[in-house]
Amino acid sequence: TGGAGTERQVMLCPDGRYFDSSEFSASGQDWGGARQPGNAARWKIQGNKTQGTITLVFPGGEQRSIRYQVTGEEGVILFDGIKFAFAGAPECGR
């Protein structure tokens, strides 16, 4: 037996910076984790505490809109329908 999964981390910093990264891991095999560098962008938000849209603006000018919705589960939010769990304050000291 074994399993594999991908963890994706998203940070929305209070100063408007956005970072994301992903890490793949597998258990039960000789596989390790491989962290892939993510995207850096600026973010702005339209909506309220329960739902709305986050717009990411990348350095080249490309924009991407992500819908968010808070669920009934504590600390859980949906980004474009994908479930994320709140893991603490973002590490924005970069």
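## Two pockets and one disulfide

The second largest pocket is lined by R8, V10, L12, Y18, I54, L56, R64, I66, F79, D80, I82 and F84, where a pocket is an open set of points on a 1 Å grid over the protein atoms alone at which a 1.4 Å probe fits, with protein on both sides within 12 Å along at least five of seven lines, and lining residues have an atom within 4 Å of a point. This is a predicted model, in which local features need pLDDT of at least 70 and side-chain atom pairs count only at pLDDT 80 or more, while totals for chains, interfaces and linings use all residues. Residues are numbered from 1 along each chain as its sequence is written, and side-chain values use heavy atoms, with hydrogens and water left out.

| Pocket | Volume | Largest share of the lining |
|---|---|---|
| Largest | about 800 Å³ | β1, six residues |
| Second largest | about 180 Å³ | β1, three residues |

The lining of the largest pocket divides into 18 nonpolar, four polar and six charged residues, whereas that of the second largest pocket has nine nonpolar, no polar and three charged.

A search of the whole structure finds one disulfide, a pair of cysteine sulfur atoms within 2.5 Å, and this bond joins C13 to C92 with an S to S distance of 2.1 Å. C13 lies in the loop between β1 (3-12) and β2 (17-27) and C92 in the segment after β8 (82-85), so the pair ties together parts that are 79 residues apart in sequence; strands are DSSP runs (E, at least two residues), numbered from the N terminus. With relative accessibility of 0% for C13 and 17% for C92, both cysteines count as buried, meaning under 20% relative accessible area with a 1.4 Å probe and protein chains only.

Key:
Helix = DSSP H or I, 4+ residues; strand = E, 2+ residues; numbered from the N terminus. Buried < 20%, exposed > 50% of the residue type's maximum accessible area, 1.4 Å probe, protein only. Points joined across faces, edges and corners; volume = space filled by probe spheres on them. Nonpolar A, V, L, I, M, F, W, Y, C, P; charged D, E, K, R; others polar.
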